[in-house]
Structures are given as structure tokens and as C-alpha cells.
Amino acid sequence: MKKGLRAAVLSGLLAVTGLPAAHCLAARPCGDFLALSGNKAQGLDFMACHEVERPPVKALEAKYRVEGSAAERVENFLHRETGMPLLTFVCCGWESGAEQGEIHLAGSADDPGGTDCAVSMHSAEALETCRELWEYIPWFYITVTCYTEEP
């Protein structure tokens, strides 16, 4: 769609609905985003990727898991490679908090600039409040979120 036409359509949607229209980004297949970006730590299991709603936009989410005994190594790798904050214990589990790491997926003909994706990590519900006890937490989970629309 040409830029002038796209602007007219977006303006029209805003005028008719009173809500801003989402702007679609280039199509990207769902998959193992950490492997595609070269940022996949050893021992990290890719589980699935699917489209999700993150109002007001849509995103692709790749889900991973790692055993508690290897979680600190994966956490340190993601902290170093993506800037993801180190996990802290909050209430009932470990999490990287509101700040997230970031990876960049290379561009394509449809998406020459590529796509930036958010990286976060958390544990299953746990009572272990010390890092030294992570081996007793069965699984830690990593989520990579790549937005397919802009608000």
C-alpha cells in the first residue's frame, strides 16, 4: 500500500471509530526466535510459537523452558546477550520484572529493517527464595515477544 493511501486509510479508521488503527508490520513466520537471532543458550528447550493479542496490537510469542539446575547459566547468558535484567524473587516466584532484554531478527525483502523482540524470564511458582536453591525449581520459562503491529 502506498504511503499516502495508507495514511488516508488510517486517518479514516480513526475518524470513523474514534480509535487509533493498528499499523501492520511485515509478516514474519512464528518460530524459534532465539535460534534465528543467534542468542539461544545451550540447554534451552523451544516449546512453541503462536500469535497472541497484546492490546491494542498483535504479536508472535515464542516460549522456551530450562531446568532449574541450568537456569542461572541461561539467565546469565540472556543478561549478557540481550540485556535482560537478572531475576528477582517476587511473592511466589522468580522474574525478570517489567524491564526486558531485546534481540534483533534480521530483515527480509518485506522487512528490510528487521524486527526487535522483547525477552523475559520467570520461574514456575516457587517457595525457594535463594538462588542456591534453583535446582529444586523444576522449570524456568523464557518468552520472546515479537510485535506484528504498531499502535
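## A walk through the model

Start with the whole chain on screen: of the 151 residues in the protein, 36% are buried, where buried means under 20% relative accessible area, exposed means over 50%, and partly exposed lies in between (1.4 Å probe, protein chains only). This is a predicted model, in which local features need pLDDT of at least 70, side-chain atom pairs count only at pLDDT 80 or more, and totals for chains, interfaces and linings use all residues. Residues are numbered from 1 along each chain as its sequence is written, and side-chain values use heavy atoms, with hydrogens and water left out.

**The overall view**

Switch to a cartoon and you can pick out three helices and nine strands. Helices (H or I, at least four residues) and strands (E, at least two) are DSSP runs, numbered from the N terminus. Trace the chain from that end and the order reads α-β-α-β-β-α-β-β-β-β-β-β. Now turn on the surface: the protein exposes about 8800 Å², with carbon and sulfur atoms supplying 55% of it. Those accessible areas come from the Shrake-Rupley method with a 1.4 Å probe; for residues, only the protein chains shown count as cover. As for contacts (heavy atoms within 4.5 Å), take those between residues at least 6 apart in sequence: 59% of them join residues at least 24 apart.

**Stop one: helix 3**

Select residues 71-82. This is helix 3, with twelve residues, and from its first C-alpha to its last it reaches 16 Å, close to the 16 Å expected at 1.5 Å a residue. The expected span is 1.5 Å times one less than the number of residues. Colour Ala71, Val74, Glu75, Phe77, Leu78 and Thr82, which are buried. Look down the axis of helix 3 and these buried residues fall within an arc of 165°, so they line one face of the helix; the arc is that of the directions from the helix axis to the C-beta atoms.

What covers that buried set? Show strand 3 (57-67), strand 6 (101-105), strand 7 (115-123) and strand 8 (139-147), which are included in the cover.

Zoom in on Val74, in helix 3. Val74 counts as buried, at 0% relative accessibility. Leaving aside neighbours within four places in sequence, Val74 is in contact with Ala41, Gln42, Leu44, Val66 and Ile142. Try the distance tool on Val74 and Met121: they are 47 residues apart in sequence and 9.6 Å apart in space, C-alpha to C-alpha.

Slide along to Thr82, also a member of helix 3. Thr82 counts as buried too, at 8% relative accessibility. Which residues does Thr82 touch, not counting those up to four places away in sequence? Light up Phe77, Gly101, Glu102, Ile103 and Val119. The side chain of Thr82 reaches the backbone oxygen of Leu78 at 2.6 Å and the backbone nitrogen of Met84 at 3.2 Å. Both are polar contacts (pairs of N or O atoms within 3.5 Å; within protein, one must be able to donate a hydrogen and the other to accept it, and residues adjacent in sequence count only if both atoms are side-chain atoms). Step past the end of helix 3 and you land on Gly83, whose phi is positive, near 85°.

**Stop two: the disulfides**

Show the cysteines as sticks. A disulfide is a pair of cysteine sulfur atoms within 2.5 Å, and by this rule there are two disulfides. Counting bonded cysteines along the chain, the pattern is 1-2, 3-4.

Go to Cys30 and Cys49, whose sulfur atoms are 1.9 Å apart. Their link is left-handed, with -80° about the S-S bond. Cys30 sits in the loop between strand 1 (23-24) and helix 2 (33-37), while Cys49 is in strand 2 (residues 45-54), 19 residues apart. Cys30 is partly exposed, with a relative accessible area of 34%.

Next, select Cys117 and Cys146, with sulfur atoms 2.0 Å apart. This link is right-handed, with 105° about the S-S bond. Cys117 lies in strand 7 and Cys146 in strand 8, so the pair ties together parts that are 29 residues apart in sequence. Are Cys117 and Cys146 buried or exposed? Both are buried.

**Stop three: backbone oddities**

Most residues other than glycine have a negative phi, and most peptide bonds are trans. Select Cys91, in the loop between strand 4 (88-90) and strand 5 (93-95). Cys91 has a positive phi of about 55° although it is not a glycine, and at 65% relative accessibility Cys91 counts as exposed. Finish at Pro56, in the loop between strand 2 and strand 3. The peptide bond from Pro55 to Pro56 is cis, with omega near 10°.
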